[in-house]
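Got a model open and wondering how the labels on it were earned? Let's go through them one at a time.

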Amino acid sequence: MATYVLIPGAASGPWYWHLLEAELRGRGHDVVAVDLPCDDDSAGPAEYADTVVDAIGDRGDLILVAHSFGGFTPPGV
């Protein structure tokens, strides 16, 4: 099965995805709901992308899903 990487929008956290996360897990997928460094004013696109890469670890078969401002992060991943 696939690994869904769920990237929240600005000022949101991984909880934003809790309903979708449960549904995907129930269908047998792996899910990574990322906690972006929104509280760090010095964090920019590179730090956001690094956070996602670190959260993914060595998983493969990835599907990145991003909401709102989080949509700027996948290209750096």
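Q: This is a predicted model, so let's start with placement. Where does Leu 64 sit?
A: Leu 64 belongs to strand β3, which covers residues 62-66.

Q: What makes Leu 64 "partly exposed"?
A: Its relative accessible area is 31%. Buried would need under 20% and exposed would need over 50%, so Leu 64 falls in between and counts as partly exposed.

Q: Which residues form the nonpolar patch on the surface?
A: Leu 64 is one of them, together with Val 53, Leu 62 and Val 77. Their accessible area together is about 260 Å². Patch members need over 30% relative accessible area, and Leu 64 at 31% passes that bar.

Q: How do you know that the span of α2 fits a helix?
A: Helix α2 runs over residues 45-56, so 12 residues, and reaches 17 Å from its first C-alpha to its last. At 1.5 Å a residue you'd expect 16 Å, and the value is close to that.

Q: Which residues of α2 are buried, and what makes them lie on one side?
A: The buried ones are Tyr 48, Ala 49, Val 52 and Ile 56. They span an arc of only 95° around the axis, so they sit on the same side of α2. As a rule, an α-helix has 3.6 residues a turn, so residues three or four places apart point the same way.

Q: What covers those buried residues of α2?
A: The cover includes β1 (3-7) and β3. Thr 73, in the segment after β3, also makes contact with Tyr 48, Ala 49 and Val 52, as well as with Ile 7.

Q: Why is Thr 73 called buried?
A: Its relative accessible area is 3%. The cut-off for buried is under 20%, so Thr 73 qualifies.

Q: What makes the contact of Arg 25 and Glu 21 a salt bridge?
A: Their side chains meet at 3.2 Å, N to O. The limit is 4 Å, so the pair counts as a salt bridge. Both are in helix α1 (residues 18-26), and because they are four residues apart, about one helical turn separates them.

Q: How do you know that Arg 25 and Asp 30 also form a salt bridge?
A: Here the N to O distance is 3.9 Å. That is still within the 4 Å limit, so this pair counts too. Arg 25, at 41% relative accessibility, is partly exposed, and Asp 30, at 26%, is partly exposed as well. Salt bridges that share partners join Glu 21, Arg 25, Asp 30 and Arg 59 into one network.

Q: What about Arg 27 and Glu 23: why is that a salt bridge?
A: The closest N and O atoms are 2.8 Å apart, which is within 4 Å, so the pair makes the count. By this rule the count comes to four salt bridges.

Q: Why is Arg 27 called exposed but Glu 23 partly exposed?
A: Arg 27 has a relative accessible area of 56%, and exposed means over 50%, so the label fits. Glu 23 has 41%, which is between the two cut-offs of 20% and 50%, so Glu 23 is partly exposed.

Q: Is Ala 2 buried or exposed, and how do you know that?
A: Ala 2 is buried: its relative accessible area is 9%, and the cut-off is under 20%. Ala 2 is found in the segment before β1. Leaving aside its neighbours within four places in sequence, Ala 2 touches His 29, Asp 30, Asp 61 and Ile 63. Ala 2 and Ile 63 are 61 residues apart in sequence, while their C-alpha atoms are 7.0 Å apart in space.

Q: What makes the phi of Asp 61 worth a look?
A: Phi of Asp 61 is near 50°, a positive value in a residue other than glycine. Asp 61 lies in the loop between α2 and β3. With a relative accessible area of 55%, Asp 61 clears the 50% cut-off and so counts as exposed.

Q: Where is Ser 68, and why is Ser 68 called exposed?
A: Ser 68 is in the segment after β3. Its relative accessible area is 57%, and exposed means over 50%, so the label holds. Ser 68 has a positive phi of about 50° although it is not a glycine.

Technical notes. Residues numbered from 1 in each chain as written. Predicted model: local features only at pLDDT ≥ 70, side-chain atom pairs only at ≥ 80, totals over all residues. Heavy atoms only, no water. Patch = residues over 30% accessible without salt bridge, like charges linked within 9 Å, V, L, I, M, F, W, Y side chains within 5 Å. Areas by Shrake-Rupley, 256 points an atom, 1.4 Å probe, with all protein chains shown as cover. Helix = DSSP H or I, 4+ residues; strand = E, 2+ residues; numbered from the N terminus. Buried < 20%, exposed > 50% of the residue type's maximum accessible area, 1.4 Å probe, protein only. Expected span 1.5 Å × (residues − 1). Arc of directions from axis to C-beta. Contact = heavy atoms within 4.5 Å.
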